[in-house]
Amino acid sequence: CSLCEAKVTDMRSHVGQHILRALSNMPESLKEQVGKVLPCGFCGRSGLPECAIRIKVFASGPPSLETKCICHFVFKYRFADKGSKNTPCRNVPVRCTLCHPVLPPEPGKSTRKVIPAFVDAVWRYNMVEHVLDQHEEYSVPGHREAGAPLPAQVWESMRLTDLEQIAARIPKERWQVGREVDKENVIASGSHTRKRPALEPATSLPLKRPRTAVQPLQISCTSIA
Ligand SMILES: [Zn+2]
Ligand SMILES: [Zn+2]
Ligand SMILES: [Zn+2]
């Protein structure tokens, strides 16, 4: 690992923890700090053209990934996406369904036939930053109050598990703010002591949100690769 100089075999999981700690304001003493803007989930650096990553999602089976990052390696996507007891880190590239909505099936069909294509992927831990920057019409728990609530599928793609936050040694008070249930647990820290206003229902939905009933192309966390 070029950030901490440790010898690691699973850079995805290892670097994911560096990134999560950086995002949670838990700076580490590293030889090289984690990139500030949308860091690459394989090497932890920002802004390198070779770290651009693309994803092709299929109706079934794990997605294909395409990147030239020097730390890139092939991993079991479904397994990593789900997280496990021994490897809880769910640092994987995802397809943003706000950028690339999954269309509902045509009337009378249960799925919509879509020819899979490569699209720009966003690493899960960068999804918050991505939505804050690219999808200003949506609120992001703990980051932006105003806006429409995130569609469940988008929230799922950025949600962190307890296990992965524990594994990254994030103190509980800095854990990701949940969507509704965790709202009460928000701890105002440091400069940000303003009382959070109660969650208001979004009065003006920005776009017609795609209905999320059937999503054949959804990256499923439920099946096992
Ligand atoms: Zn490291
Ligand atoms: Zn990289
Ligand atoms: Zn997007």
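The zinc ion (ligand 2) has four protein donors, Cys 40 (SG), Cys 43 (SG), Cys 51 (SG) and Cys 69 (SG), at 2.2 to 2.3 Å. Donors are N, O and S atoms within 2.8 Å of the metal (3.2 Å for Na, K and Ca); water is not among the atoms, so sites may look incomplete. This is a predicted model, in which local features need pLDDT of at least 70 and side-chain atom pairs pLDDT 80 or more, while totals for chains, interfaces and linings use all residues. Residues are numbered from 1 along each chain as its sequence is written, chains are lettered from A and ligands numbered from 1 in the order in which they are written, and side-chain values use heavy atoms, with hydrogens and water left out.

**The two zinc sites**

Around ligand 2, the donor atoms subtend angles of 103 to 116 degrees, so the arrangement is tetrahedral. Four donors count as tetrahedral if all angles lie between 85 and 135 degrees. Along the chain, the spacing of these donors is C-x2-C-x7-C-x17-C. Cys 40 and Cys 51 are eleven residues apart, and both sit in the loop between α1 (11–23) and β1 (53–56). Helices (H or I, at least four residues) and strands (E, at least two) are DSSP runs, numbered from the N terminus.

Cys 40 and Cys 51 are both buried. Buried means under 20% relative accessible area, exposed over 50%, and partly exposed in between (1.4 Å probe, protein chains only). Cys 43 has 1% relative accessibility, so it counts as buried too.

The zinc ion (ligand 1) is held by a mixed set: Cys 1 (SG), Cys 4 (SG), His 14 (NE2) and His 18 (NE2). The site is tetrahedral as well, by its angles. Here the pair Cys 4 and His 14 links the segment before α1 to helix α1, ten residues apart. Cys 4 is partly exposed, because its relative accessible area is 26%.

| Site | Donor distances | Donor angles | Spacing |
|---|---|---|---|
| zinc ion (ligand 1) | 1.9 to 2.3 Å | 99 to 118 degrees | C-x2-C-x9-H-x3-H |
| zinc ion (ligand 2) | 2.2 to 2.3 Å | 103 to 116 degrees | C-x2-C-x7-C-x17-C |

What of disulfides? A disulfide is a pair of cysteine sulfur atoms within 2.5 Å. The count is zero. Cys 89 is buried, because its relative accessibility is 2%.

**Overall layout**

The protein has five helices and five strands. Their order from the N terminus is α-β-β-α-β-β-β-α-α-α. Of its 225 residues, 40% count as buried. Contact means heavy atoms within 4.5 Å. Among contacts between residues at least 6 apart in sequence, 63% join residues at least 24 apart.

**Helix α1**

The 13 residues of α1 should span 18 Å at 1.5 Å a residue, and the end C-alpha atoms are 18 Å apart, so the two agree. That expected span is 1.5 Å times one less than the number of residues. The helix is mostly covered, with ten of its 13 residues buried. Among them are Met 11, Val 15, Ile 19 and Leu 20, and also the zinc donor His 18. The buried residues of α1 pack against α2 (77–82), β5 (122–123) and α5 (162–167).

Arg 21 belongs to this helix. At 8% relative accessibility, Arg 21 counts as buried. Beyond four places in sequence, Arg 21 touches Met 26, Glu 28, Ala 168, Arg 169 and Ile 170.

**The nonpolar core**

In soluble globular proteins, nonpolar side chains tend to be buried together. A nonpolar core is a set of buried Ala, Val, Leu, Ile, Met, Phe, Trp, Tyr and Cys residues joined through side-chain atoms within 4.5 Å. The largest one here has 44 residues; Phe 42, Met 127, Val 131, Leu 150 and Met 158 touch the most other members. At least two residues come from each of α1, β1, α2, β5, α3 (127–134) and α4 (152–158). The largest share, four residues, comes from α1.

Met 127 touches Val 94, Cys 96, Val 122, Val 154, Ser 157 and Met 158, leaving out residues up to four places away. Met 127 is one of the buried residues of α3, with Val 128, Glu 129, His 130 and Val 131. Their cover includes β3 (93–94), β5 and α4.

**Val 37**

Val 37 lies in the loop between α1 and β1. Its relative accessibility is 48%, so Val 37 counts as partly exposed. Val 37 and His 130 are 93 residues apart in sequence, yet 9.7 Å apart in space, C-alpha to C-alpha. Not counting residues up to four places away, Val 37 touches Ser 46 and Glu 129.

Definitions and conventions: Four donors count as tetrahedral if all angles lie between 85 and 135 degrees; four count as square planar and six as octahedral if opposite donors are over 155 degrees apart and all others between 65 and 115; anything else is irregular.
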